[in-house]
Amino acid sequence: MYHSKRLSHFDKAGQAHMVDVGGKPETRRIARASGTIRMERSTLKVILSGTASKGDVLGVARVAAIQGAKRTSDLIPLCHPLRLTRVAAEFSAEKRRPGVRLVVTVETVGRTGVEMEALTAVSAGLLTIYDMCKAVDRAMVIEDIKLLEKAGGRSGHFRRRER
């Protein structure tokens, strides 16, 4: 898909740079992202029963998601370090196609959005589930990580339309 807007992380000479947000006003910024990890039905049962040998899988994955949001600028080279005001990670079991869905909401008051923090948080949370359960199910698949919604800032409100 062609977009007429230029990529903001490149200068006129095509060199990567960190976007200057110093002149932007501070506003309330919110982003929600989601993703799913698919697994064997028996693996999901272990997670939901709390009997995994490594402990409370979803509890540890929740902490990992929060930590992932907080450390995004350490992982993604051109992201600004942000003072986050809220990170919430919500898990839901999907039994028809066995798996766990994670939705993360990240908030701040700042000059740039928190989309990358929400996406990184989802990735870290789902990777933690994989790490904690790989001894019993190496065939797990992490899929469909995406931005669901973002609000605040000059570009306005975005909400993904489900297809």
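Let me start with a term we'll need: a salt bridge here is a side-chain nitrogen of Lys or Arg within 4 Å of a carboxyl oxygen of Asp or Glu. Hold on to that one, everybody, and please keep in mind that we are looking at a predicted model.

With that term in hand, here is a nice place to begin. Arg38, Glu94, Arg97 and Glu143 are joined up in a network of salt bridges. Let's zoom in on one of its pairs. Glutamate 143 and arginine 97 meet through their side chains, with 3.6 Å from N to O. Glutamate 143 belongs to strand β4, residues 141-151, while arginine 97 sits in the loop between β2 and β3, so this pair ties together parts that are 46 residues apart in sequence. How accessible are the two partners? Glutamate 143 is partly exposed, at 23% relative accessibility. Arginine 97 is partly exposed as well, at 43%.

Now, how many salt bridges does a search of the whole structure find? The count is eleven. Why would such pairs form at all? Side chains of opposite charge can pair when their charged atoms come close.

Let me show you two others. In one of them, arginine 86 meets glutamate 107, at 2.7 Å from N to O. Here the link runs between two strands: arginine 86 is in β2, residues 84-94, and glutamate 107 is in β3, with their positions 21 residues apart in the chain. Is glutamate 107 buried or exposed? Glutamate 107 is buried, because its relative accessible area is 10% and the cut-off for buried is under 20%. Its partner, arginine 86, comes out at 38% and counts as partly exposed.

The other pair is glutamate 26 with arginine 111, whose closest N and O atoms are 3.6 Å apart. This salt bridge also connects distant parts of the chain: glutamate 26 is in the segment before β1 (27-38), and arginine 111 is in the loop between β3 (99-110) and α4 (115-133), 85 residues away. Both partners are partly exposed, glutamate 26 with a relative accessible area of 43% and arginine 111 with 34%.

Let's leave the charges and finish with a greasier spot on the outside. Which residues make the nonpolar surface patch? They are Leu75, Ile76 and Met116, and the patch covers about 250 Å². Take Leu75 as an example: this leucine lies in helix α3, residues 72-75. Leucine 75 counts as exposed because its relative accessible area is 57%, and the cut-off for exposed is over 50%.

Thanks for listening, everyone!

Methods: Residues numbered from 1 in each chain as written. Predicted model: local features only at pLDDT ≥ 70, side-chain atom pairs only at ≥ 80, totals over all residues. Heavy atoms only, no water. Patch = residues over 30% accessible without salt bridge, like charges linked within 9 Å, V, L, I, M, F, W, Y side chains within 5 Å. Areas by Shrake-Rupley, 256 points an atom, 1.4 Å probe, with all protein chains shown as cover. Helix = DSSP H or I, 4+ residues; strand = E, 2+ residues; numbered from the N terminus. Buried < 20%, exposed > 50% of the residue type's maximum accessible area, 1.4 Å probe, protein only.
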